[in-house]
Amino acid sequence: QVQLLESGGGLVQAGGSLRLSCAASGSFRSINTMGWFRQAPGKQRELVATITSGGNTNYAESVKGRFTISRDNAKNTVYLQMNSLKPEDTAVYYCYARIVNSRWALNDYWGQGTQVTVSS
């Protein structure tokens, strides 16, 4: 059973910073893409940033230049450094991972979500 355990959310003032972490655990062969999505009240879940096992990154336009995604493959962990936070960044942030299981099949997994609240 694969689990994604997130940490690092919280309340911060506009202009502040937070760092999210997400560690994958369980039995699997490898992890392909990892990333972060977010969902604000009344809105659809949207992509924030993704990173491949080789380190290629992709960001939503709204966070480019402010957020940085990184990963530690040895620890099966992905990070999201969020700087210059804005009230519109307030959302539940979900960790995502596309994982190769023992049968070489790809499966998508999600974390439980962590709340990020940015006050104005």
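Are Phe-37 and Tyr-96 buried or exposed? Both are buried, and the views below, taken from a predicted model, start with these two residues.

**View 1. Three rings, Phe-37, Tyr-96 and Trp-110, are linked into a cluster by ring pairs.**
Searching the whole structure turns up three aromatic pairs. Take Phe-37 and Tyr-96: the ring centres sit 5.7 Å apart with the planes at 70 degrees, so this pair counts as edge-to-face, the cut-off for that label being over 60 degrees. This pair ties together distant parts of the chain, with Phe-37 in strand 4 and Tyr-96 in strand 9, 59 residues apart. Tyr-96 also pairs with Trp-110, and here the centres are 5.1 Å apart and the planes at 50 degrees, so the pair is tilted. That second link runs from Tyr-96 in strand 9 to Trp-110 in strand 10, 14 residues apart. How do the two partners fare for accessible area? Tyr-96 is buried at a relative accessible area of 10%, whereas Trp-110 comes out at 38% and is partly exposed.

**View 2. Arg-29 reaches over to the loop that holds Asn-101.**
Arg-29 belongs to the loop between strand 3 (18-25) and strand 4 (30-39). Its relative accessible area is 44%, so Arg-29 is partly exposed. Beyond its sequence neighbours up to four places away, Arg-29 touches Val-100, Asn-101, Ser-102, Arg-103 and Trp-104. Which backbone oxygen does the side chain of Arg-29 reach? That of Ser-102, at 3.0 Å. For a sense of the fold here, Arg-29 and Leu-106 are 77 residues apart in sequence, yet their C-alpha atoms are 10 Å apart in space.

**View 3. Asn-101 is a buried loop residue.**
Look for Asn-101 in the loop between strand 9 (91-100) and strand 10 (106-110). Its relative accessible area is 19%, and the cut-off for buried is under 20%, so Asn-101 makes it into the buried class. With neighbours within four places in sequence set aside, Asn-101 is in contact with Phe-28, Arg-29 and Asn-107.

**View 4. Two arginines lie over tyrosine faces: Arg-19 over Tyr-79 and Arg-45 over Tyr-94.**
In the first case, Arg-19 is 4.1 Å from the centre of the Tyr-79 ring. In the second, Arg-45 sits 3.8 Å from the ring centre of Tyr-94.

**View 5. Strand 11 (residues 114-119) has a buried face and one that is not.**
Which side chains of strand 11 point to the buried face? Thr-114, Val-116 and Val-118 do, while Gln-115, Thr-117 and Ser-119 point the other way and are not buried. This is the textbook picture, since side chains in a regular strand alternate between the two faces of the sheet.

**View 6. Strand 11 pairs with strand 2 and with strand 9.**
With strand 2 (residues 10-13), the pairing is parallel and runs over four bridges. Here Leu-11 stands opposite Thr-117 of strand 11, and Thr-117 is among the side chains on the face that is not buried. With strand 9, the pairing is antiparallel, over three bridges. In that case Tyr-93 has Thr-114 of strand 11 as its bridge partner, and the side chain of Thr-114 points to the buried face. Strand 9 is also the one that carries Tyr-96, back in the ring cluster with Phe-37 and Trp-110.

Notes:
Residues numbered from 1 in each chain as written. Predicted model: local features only at pLDDT ≥ 70, side-chain atom pairs only at ≥ 80, totals over all residues. Heavy atoms only, no water. Helix = DSSP H or I, 4+ residues; strand = E, 2+ residues; numbered from the N terminus. Buried < 20%, exposed > 50% of the residue type's maximum accessible area, 1.4 Å probe, protein only. Contact = heavy atoms within 4.5 Å. Polar contact = N/O pair within 3.5 Å; in protein donor to acceptor, adjacent residues only side chain to side chain. Phe/Tyr/Trp six-rings, centres within 6.5 Å; stacked < 30°, edge-to-face > 60°. Lys NZ or Arg CZ within 6 Å of the ring centre and 35° of its normal. Pairing = 2+ DSSP bridges.
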